[in-house]
Amino acid sequence: MTNTYILNATWVLDGKPYDFCLGQDSDTACELDGICLPGIERIAPAGELEIPAGAPRVHDAAGKILMPALFDMHASIEIDGRSKRECVSRAGQAAIAGGVWGMLVMPTPGFCFDNAATLDSFHDAVTQRSAAEMLPAGCISEGMKGEQQAPYNTLAARGVSILSDGKNPPSNLLMLHRAMKYASEIGMTFALRGDVPALTANTCIHPGTTSYKLGLHGTPPCAEEIGIDTALRLAADAGAKVHVQTVSTAGGVDIIRRAKAAGQQVTAEVALHHLLFTHENVGIYDTTYKTLPPLRETSDCEALLEGLKDGTIDCIVSDHTPCTPFAKKQDFTSAPQGMIALDTFLQAIYTHLIKPGKLSWADVVRTCCINPVSIANPVDLEEDVPTAAPLLLFNPENGVEVGGDTLPSGTLNTPFLGTKLQGCITLPLQ
Amino acid sequence: MKPRKDLLTIGDLSDEDINTILDSATAMKDIFTKSVKKVPALKGKSVLTLFYEPSTRTRSSFEVAAHRLSADVTTFTVSTSSVVKGESVHDTIDTLMSMKMDYIIVRHKNSGIPAVIARHCKAAVINAGDGAHAHPSQAFLDAFTIREKYGTVAGKRVVIIGDILHSRVARSTSTILKRLGAEVAYMGPGPLVPPQAYTGIPRFSNWDDVFEWKPDVIYLLRVQNERIDSPFFPAKDYHQAFGVTDERLRRIDDLNLSIMHPGPVNRGVELCDAAMDYRNSLICNQVENGIAARMSILYHLTPQTQNND
Amino acid sequence: MPTISQEAIQNALRDWAGRIAASSAEGEKLAVVGLISHGDILARRLVALLQNAGVPALYGALDISLYRDDFDMLSHKPALRASYLPFSTDGMHVILVDDVIDTGRTVRAALNALFEYGRPACVELYTLVDRGGRELPIHPDVAAFSTPKEAGVKVHLLEIDGTEDITY
């Protein structure tokens, strides 16, 4: 075995070319701009790295970008009618395809992370089948029913540090308040989506011109805002850490901004699709664009981007949700919510946010690599040490047309289907 | 008219389509006057009514229309229990395709269901009302009724009154009337009348403004108590605030305005008793014209069931 | 292209009127029913001519679209015109008028339509042109002109086409 040398790769944060040498010892690491570069033995400005004569593995990476791989704080991996192992395997492949090395897996009915057995079998499946790291988010309540608190100590002993009831945050505030008081003692973070079920029942789209035209019931933005506000107040009182999931409204961003200014322990995420699309994309009942919460107005997209840039929103997440073609072929009201996003995550971010100048590479590294890791805090259970993000090379010159064969997820519910995305990812390096 | 398989919304139709269907409805109405109220146009064709929401009126109007065109009519009873059991629309579509139906008339509480069915089967699909989305056959019968009364729709002023936001009738009827050159306005309880920015249709909040606008036709929507999960407005005030009261009826009579309503009327809510016998009430004409309009719709659609299989 | 003139058409109609007037019995109820969209014009003219000859006749027009036998072969349905037959045909002597007869299928449809307005005592068929090519055992009682089967026939009438002649 010999070392691999990669030359002239552009470092994502300063835009300058570097040469580096990949080590063979998994413990080696360098640091650049405060970011740990695991597996790299030596790094030097381009041309300054000493390469032994006749080294067999020297690659020129001119024009490619070297960056840490991404961590996704919000993915659901369950596919109706498929085995758990297949779901794990597919999501792992999808993540690697989209430049994502690890993800926080939300509990779903099939992956109900409220007991030791499920967590153990999930851990085994991930170890055996997944190309990417997967951390389970434990349930807040047993069976995600919102009634009885889940066994938090049991979950914590299996590496769970974030709790969520998935799509339906508990509406029983007393239960939630007590859960927060108890679980914050053992270092749990509560990942919650802002929602008031009474206001959002039977709704499926943002209220506006499209909802009127299509005759669909609208999900009022205030439901999310009230929900976020409620969660923050409960958490403040209980002394718990909150991570606000999939903020979709300008009002939601404001509430979080104020809470942060007041010093509350809160982090927040936005789903990529809420930055890119609006309710108008729904067109004539295009169920691909049915999401939870729904796609909002352009002004909301702008407020969310602003929140990302000023640090109010900490991460961009995929909110990856595979839905079978059969399920999405139903009418808009009956079809399930969600898009797949892992498969094309970094390519879509590059094509639709970085290239048009809406976000910088530094914003992306911060919101997709550094912040998610510091919130989710992935730990190698066997070794009990923090896991560092691997590196990837991103070639912005190459593009690919998204089709069934480029989507390892195995479902087709992405708005990018049939469109071209820029970017070709090498992950892992070797 | 270009061959068209389905009728899902008015917006899908060209001006030519709309006029052709309206013109043919006149010819269809002529059939009612014969001793034999039946023509053989759809002889041997099968028509299925698939109503997931109860509606005796629309369903029987379609059934009479199909019978008068000599089609065979089957009523597919969707029990509420099988819906509750979660029988998906796709399973139902598979069943329907096996039955080799030529025309499917569908009503469902979810917007967009007829489009899903239309996409997946060869039969001509007619939307008989989907959620708050569209009710195109109602739109045709309304336009036909106004045209019959006034000779033309163009230039007429029609004010639609009631819960506009949740009304498929308001959406479809306002669309067809505007396409035919009428002016349309909405009036109703504030939160139930969408902003003009959404619709391009002026909105009023009281009767005085309505009268000032000088409408020709007062179109009252049915207060849909059954489709509303949680009440939208204080029901007891509706008649006084938005209904045709005795006093308003006198004013309507003085101004010689017409009254329309898609039926069935909630007496004492949208209309006072006296309004039911008002000389310019077109409500019964609407029912009769509904059959003619629906015959014309059935006649002009082209199922793709005739070729090969 | 051979042409039959307006004058010839008018003469033919006058002949028809004379023939009907001569054969109609006293007290007989007469109706002239034209097929939309040229036969109805001929029927209207014939009724006027009969009126002048002192023979009262009722006027009717039939749209036979709904009775056609070739629905499944049409890519789109013809626009409908309202039939006009404001009387029962019970016991009447009905003169059915059309511009051209070829396969006979239109007349078959017209007979079906006509019988749904009552039970006429007898029905006669008058056509301007007989171009042969019959596919049904239906023949006109009177046909003013005959043209070869191979030729296409176009009948133009002043009221709807602006000119009047027959070309084939």
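Domain bounds come from an automatic or database domain assignment. The model used in these exercises is predicted.

**Exercise 1. Split chain A into domains and describe where the two parts meet.**

Step 1. Take the bounds. Domain 1 of chain A covers 4-63, and domain 2 covers 68-390.

Step 2. Place the centres. Over C-alpha atoms, the centres of domain 1 and domain 2 of chain A are separated by 34 Å.

Step 3. Count the contact. Domain 1 of chain A supplies seven residues and domain 2 of chain A supplies six.

Step 4. Find the main contributor. On the side of domain 1 of chain A that touches domain 2, strand 4 (residues 35-38) of chain A gives the largest share, three residues.

Step 5. Sort by class. That side of domain 1 of chain A has six nonpolar residues, one polar and no charged.

**Exercise 2. Work out which residues of helix 2 of chain A are buried, and on which side they lie.**

Step 1. Check the helix geometry. Helix 2 of chain A (residues 116-129) has 14 residues. Its first and last C-alpha atoms are 20 Å apart, close to the 20 Å expected at 1.5 Å a residue.

Step 2. List the buried residues. They are A:L119, A:F122, A:A125 and A:V126.

Step 3. Apply the arc. These residues span only 125 degrees around the axis, so they sit on the same side of helix 2 of chain A. An α-helix has 3.6 residues a turn, so residues three or four places apart point the same way.

Step 4. Turn to the opposite face. Facing away from the buried side are the exposed residues A:A117, A:D120, A:D124, A:T127 and A:Q128.

Step 5. Identify the cover. The buried residues of helix 2 of chain A are covered by elements including helix 1 (84-97), strand 10 (133-136) and helix 3 (152-157) of chain A.

**Exercise 3. Repeat the analysis for helix 3 of chain C.**

Step 1. List the buried residues. Helix 3 of chain C (residues 105-115) buries C:T106, C:V107, C:A109, C:A110, C:A113 and C:L114.

Step 2. Apply the arc. It is only 155 degrees around the axis, so these residues share the same side of helix 3 of chain C.

Step 3. Identify the cover. Among the covering elements are strand 2 (30-35), strand 3 (58-62), strand 4 (93-101) and strand 5 (122-130) of chain C.

**Exercise 4. Characterise the contacts that chain B makes with chain A and with chain C.**

Step 1. Start with chain A. Its contact with chain B takes 13 residues from chain A and 19 residues from chain B. The chain A side has five nonpolar, six polar and two charged residues.

Step 2. Move to chain C. Here 19 residues of chain B touch 18 residues of chain C.

Step 3. Assign elements. On the chain B side, helix 1 (15-31) and helix 12 (283-300) are the elements that give two or more residues. Helix 1 of chain B has the largest share, six residues.

Step 4. Sort by class. The side of chain B that touches chain C has eight nonpolar, seven polar and four charged residues.

**Exercise 5. Locate the largest nonpolar core and its best-connected residues.**

Step 1. Size the core. It has 153 residues, and those with the most contacts inside it are B:Y103, B:I104, B:F140 and C:V33.

Step 2. Find the main contributor. Helix 12 of chain B gives the largest share of this core, eight residues.

Step 3. Examine one residue. Not counting residues up to four places away in sequence, B:F140 touches B:I21, B:L22, B:A25, B:I176, B:A293 and B:I297.

Step 4. Look beyond this core. Another core, of 118 residues, lies apart from it and includes A:I65, A:I96, A:F122 and A:C139.

**Exercise 6. Classify B:W207, B:K100 and B:K214 as buried or exposed.**

Step 1. Take B:W207, in helix 9 (residues 207-212) of chain B. A residue is buried if 20 or more other C-beta atoms lie within 10 Å of its own, and exposed if 12 or fewer. B:W207 has 21, so it is buried.

Step 2. Take B:K100, in the loop between helix 4 (89-98) and strand 3 (103-108) of chain B. It has 11 C-beta neighbours inside 10 Å, so it is exposed.

Step 3. Take B:K214, in the loop between helix 9 and strand 8 (217-220) of chain B. B:K214 also has 11 C-beta neighbours inside 10 Å and therefore counts as exposed.

Step 4. Check the backbone. Phi is positive at B:K100, about 55 degrees, and at B:K214, about 60 degrees. Neither B:K100 nor B:K214 is a glycine.

Conventions
Residues numbered from 1 in each chain as written. Chains lettered and ligands numbered in written order. Predicted model: local features only at pLDDT ≥ 70, side-chain atom pairs only at ≥ 80, totals over all residues. Contact = placed C-beta atoms within 7 Å. Nonpolar A, V, L, I, M, F, W, Y, C, P; charged D, E, K, R; others polar. Helix = DSSP H or I, 4+ residues; strand = E, 2+ residues; numbered from the N terminus. Arc of directions from axis to C-beta. Core = buried A, V, L, I, M, F, W, Y, C linked by C-beta atoms within 7 Å. Expected span 1.5 Å × (residues − 1).
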